[in-house]
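Welcome! Here is a guided walk through a protein structure, taken one piece at a time. Have a look around first, and then we can start reading.

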Amino acid sequence: MEPVAADYEAFKRRLKGTIGLDLNYYKHQQMHRRIHQWLQRVGAASYDEYIKRLQADPEERQRFAEYLTINTSQFYRDVSVFKEIEEKVLPELVQRYRRLRVWCAGCSTGPEIYTVAMILEELTPGVRHSLLGTDFDTGALTQAEEGLYSDNLLNSLPAKYREKYFTQEGRMWRLTETIRDRVRFRRHNLLEDPFDTGFHLILCRNVFIYFTPEAQARLTKQFSDSLVSGGYFVVGNAENLLEPEMADLKRVSYCIYQRA
Ligand SMILES: C[S@@+](CC[C@H](N)C(=O)[O-])C[C@H]1O[C@@H](n2cnc3c(N)ncnc32)[C@H](O)[C@@H]1O
């Protein structure tokens, strides 16, 4: 199949109605290439044929949505960033507020928000903070709730957490119920759905990287508005907020911003 620009524009419009994702907010070239590769892989002769297939087949919709929204994640991903969250950000926040509200947006299968849950359990044993993980991809959220992970997702996690909070099941690792119980998961489309407010810490890591600069700027403002004053916003290693001061955010270290 040869890509035709006009057909691709029509495909994007119809896709929004079919799976609810507005690809205009995602970086164009990257998305276009990935979609083209997928259509070849599934043997679709045209965009039109494939959209009809999506409309008729919910499982194909799920598979396609999973493919589009890349799900890679890891516990304690980017060690230096999580060390800072563990040693500075969370101790400071639990001193200031007894119960924290933490949101991990684009949480995928859950490793990041569960990492925060384990750190908080060490800092404030037994305290039930409000921990929320959201993602567009419902398949990833189902896996997050199951809390069963392969070895490679735990590579960066300090041994003390693995020993205390996981049990081995064959070649997989099951997170203990104590930690699973601490986190709620919910479907949320960052580009369409309203944002809750009053968070002390928000993580949105390795998600911005897929969005256009305009979408990034809009989301940065929305995230900032969702934080309490003095709350923290953490992005991914390869992500830099453009003009954070426009959203009342100050960069306090690598990947970490604080609301004025
Ligand atoms: C590469 S993963 C990042 C996972 C995790 N934050 C991390 O850094 O380890 C990107 C996640 O963003 C989610 N995502 C992409 N577009 C989204 C949207 N519009 N709304 C909510 N989540 C979205 C994907 O489903 C995927 O789970």
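A residue is called buried here if 20 or more other C-beta atoms lie within 10 Å of its own. Keep that in mind, and remember as well that this is a predicted model.

Let us begin with helix α6. By that definition α6 is mostly covered, with 10 of its 13 residues buried. The buried ones are Pro-111, Glu-112, Ile-113, Tyr-114, Thr-115, Val-116, Ala-117, Met-118, Ile-119 and Leu-120. Does the length of the helix fit its residue count, or depart from it? At 1.5 Å a residue, the 13 residues of α6 should span 18 Å, and the end C-alpha atoms are indeed 18 Å apart, so the two values agree.

Now pick out one residue of this helix. Leu-120 has its place in α6, which covers residues 111-123. Leu-120 counts as buried because it has 24 C-beta neighbours inside 10 Å. Which residues does Leu-120 touch once its neighbours within four places in sequence are left aside? Those contacts are Leu-90 and His-129. Looking back along the chain, Leu-120 and Thr-109 are 11 residues apart, and their C-alpha atoms are separated by 19 Å.

Next comes strand β1, residues 101-105, which is mostly covered too: five of its five residues are buried. In a regular strand the side chains alternate between the two faces of the sheet. Both faces of β1 are covered, with Arg-101, Trp-103 and Ala-105 buried on one side and Val-102 and Cys-104 buried on the other. A parallel partner, strand β2 (residues 130-135), is joined to β1 by five bridges. As an example of how the two strands line up, Cys-104 has Gly-133 in β2 as its bridge partner.

Another group of strands shows a contrasting pairing. Three strands form an open sheet in the order β3-β5-β4, and the pairing is antiparallel. At the edges are β3 (148-150) and β4 (166-169), each of which pairs on one side only. From one strand to the next, the twist averages 35°. Four bridges hold the antiparallel pair made by β4 and strand β5, residues 172-175. Within that pair, Phe-166 stands opposite Leu-175 in β5.

Finally, turn to the ligand. How many residues surround the ligand? There are 23, and the closest are Thr-69, Ser-73, Gly-106, Ser-108 and Asn-206. Sorted by class, this shell has seven nonpolar, 11 polar and five charged residues.

Two of those closest residues deserve another look for their backbone angles. Most residues other than glycine have a negative phi. Ser-108, in the loop between β1 and α6, has a phi near 55°, a positive value in a residue other than glycine. Is Ser-108 buried or exposed? Ser-108 is buried, because 25 other C-beta atoms lie within 10 Å. Asn-206 also has a positive phi, near 60°, and its place is in the loop between β7 (199-203) and α10 (213-226). Asn-206 counts as buried because it has 21 C-beta neighbours inside 10 Å.

To retrace the path, the loop that holds Ser-108 runs between β1 and α6, the strand and the helix that we visited earlier. Both β1 and α6 are mostly covered, and Ser-108 is among the residues closest to the ligand.

Note on methods
Residues numbered from 1 in each chain as written. Predicted model: local features only at pLDDT ≥ 70, side-chain atom pairs only at ≥ 80, totals over all residues. Pairing = 2+ DSSP bridges. Axes fitted to C-alpha atoms, helices over the stretch in contact; angles between N-to-C directions. Near = placed C-beta within 6 Å. Nonpolar A, V, L, I, M, F, W, Y, C, P; charged D, E, K, R; others polar. Buried ≥ 20, exposed ≤ 12 C-beta atoms within 10 Å, placed from the backbone. Contact = placed C-beta atoms within 7 Å. Expected span 1.5 Å × (residues − 1).
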